[in-house]
Amino acid sequence: MIPIAKPQMGSEEKQAVLEVLDSGIIAQGPRVKAFEESFAEMCGVQHAIATSSGTTALHVALLAHGIGDGDEVITSPFTFIASANSILFTGAHPVFVDIDPVTFNIDPTKIEAAITPKTKAIMPVHLFGLTCDMDMIIAIAEKHNLIVIEDACQAHGAEYHGKRAGSFGTGTFSLYPTKNITSAEGGMITTNDDAIAESCRVIRQHGMRRRYYHDELGFNFRMTDVHAAIGLAQLQKLERFNAARAANAKFYDEHLQGVITPTAPAGYKHIYHQYTIRVPNGKRDALRAHLKERDIGSGVYYPLCIHKQPYYIKDLGYDQTLPVAEQATREVLSLPVHPALSQEDLETVVAAVNGFSE
Ligand SMILES: Cc1ncc(COP(=O)(O)O)c(C=O)c1O
């Protein structure tokens, strides 16, 4: 079986975990601090704040920016549910803007039409490891005085004109096992703003600045040192992992036939969290079954847009058509691109895709 994802755990991660267990400091301790410092450096920002997941990173980042009841946050309908749910957790309302058909990311030319007096923030989601058009998004945010919270949960090390994802506004990352690097579960917030960083730290830990004095409502969204130890060991390997993914993607680009392969616009460094092809003419599911018969894993990210999810329709009353995103849900197929693939695996995938005819 060639799996769609495969976490890469080596002796470094195992050794690091054992050291934490032996150290006696297991909850948020020195490994978390070291992981935060290294992660901030990787992104080129002043601060990184570790959390228990990408979802809690988004939730905390939104709260730290004061987003809450009645506010609107503009984001993509074509993303993992946590992007939008984190907005709901604060009491705010996600406003979905259609995507660009080539990059699968929010179409910046459609953002301004969605801005209302209630709009407080834009949440660009750097899907599949490719950043959004950040020049346009930052320009719109500045013009309308909006906050930018990047969902960089799939974009560790991705770049837009030399700047890393997570360094444009307040960044949020997931460290779930299928991501380019993992801490088993975990999240990270990145920012250059001292006050936002401080606020994130306080919200992460029960609204507590002084031990057992609670200035505001907070949560237990801490990361453990066990998770941080794994994350820190993985972070040392990020550039190597991303280079391996890029090389695998290049092989697919050069050899796949009969499908639409992903493209990164000039100046964008794609880190191929997913290698997502388009299979037009209603043939996507048949190709997926064809790959499965040959023991090749694939993934559909995502089969249903967020504004079409049952909860969003029935309970929240969303009633909207976003044709580009909806077409993508019918055509996208992600192929294995992770660093554990051998040359033989790549050739097997290419032969299976190119040999498909329906
Ligand atoms: C785009 C996006 N946003 C948010 C999340 C949430 O991250 P986590 O699963 O770590 O809570 C994910 C993770 O799958 C994601 O892909």
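**Notes on helix packing and one strand pair**

1. Helices α3 and α4 sit oblique to each other. This is a predicted model, so read it and everything below as such. The angle behind that call is about 40°, and oblique is the label because angles have to be under 35 degrees to count as roughly parallel. Helix α3 covers residues 54–64 and helix α4 residues 81–89, with the two axes 9 Å apart.

2. Sticking with that pair, the crossing of α3 past α4 is right-handed. On the α3 side the contact uses Thr55, Leu58, His59 and Leu62, and these meet Ala82, Ser83, Ser86, Ile87 and Phe89 of α4. Sorted by class, that contact comes out as five nonpolar and four polar residues, with no charged ones.

3. Next up, α1 and α7. Helix α1 spans residues 11–23 and helix α7 residues 225–235; they pack at about 150° with axes 8 Å apart. An angle over 145 counts as roughly antiparallel, so that is how α1 and α7 run relative to each other. Their crossing is right-handed.

4. Who makes the α1 to α7 contact? From α1 come Glu12, Glu13, Ala16, Val17, Val20 and Leu21, while α7 puts in Asp225, Val226, Ala229, Ile230, Ala233 and Gln234. The split here is eight nonpolar, one polar and three charged.

5. Then there's α8 (residues 238–255) with α12 (residues 343–354): the angle is about 30° and the axes are 10 Å apart. That makes this pair roughly parallel, because the cut-off for the label is under 35 degrees. The crossing of α8 past α12 is right-handed.

6. For the α8 to α12 contact, Asn248, Phe251, Tyr252 and His255 belong to α8, and they meet Gln343, Leu346, Glu347, Val349, Val350 and Asn354 of α12. By class you get five nonpolar, four polar and one charged.

7. Is strand β14 covered on one face or on both faces? Both: in β14 (residues 332–335), Val332 and Ser334 are buried on one side, and Leu333 and Leu335 are buried on the other. In a regular strand, side chains alternate between the two faces of the sheet.

8. Last, the partner of that strand. Strand β13 (residues 275–278) pairs with β14 in the antiparallel sense, over four bridges. If you want a spot to check in the viewer, Arg278 has Val332 of β14 as its bridge partner. Val332 is also one of the buried β14 residues, on the side it shares with Ser334.

How values were computed: Residues are numbered from 1 along each chain as its sequence is written. This is a predicted model: local features need pLDDT of at least 70, side-chain atom pairs count only at pLDDT 80 or more; totals for chains, interfaces and linings use all residues. Side-chain values use heavy atoms; hydrogens and water are left out. Axes are lines fitted to C-alpha atoms, for helices over the stretch in contact, and angles run from 0 to 180 degrees between N-to-C directions. Helices (H or I, at least four residues) and strands (E, at least two) are DSSP runs, numbered from the N terminus. Angles under 35 degrees count as roughly parallel, over 145 as roughly antiparallel, 65 to 115 as roughly perpendicular and the rest as oblique. A crossing is left-handed if the near helix is turned anticlockwise from the far one by less than a right angle, and right-handed if clockwise. Contact means heavy atoms within 4.5 Å. Ala, Val, Leu, Ile, Met, Phe, Trp, Tyr, Cys and Pro count as nonpolar, Asp, Glu, Lys and Arg as charged, and the others, Gly among them, as polar. Buried means under 20% relative accessible area, exposed over 50%, partly exposed in between (1.4 Å probe, protein chains only). Two strands pair if DSSP finds at least two bridges between them.
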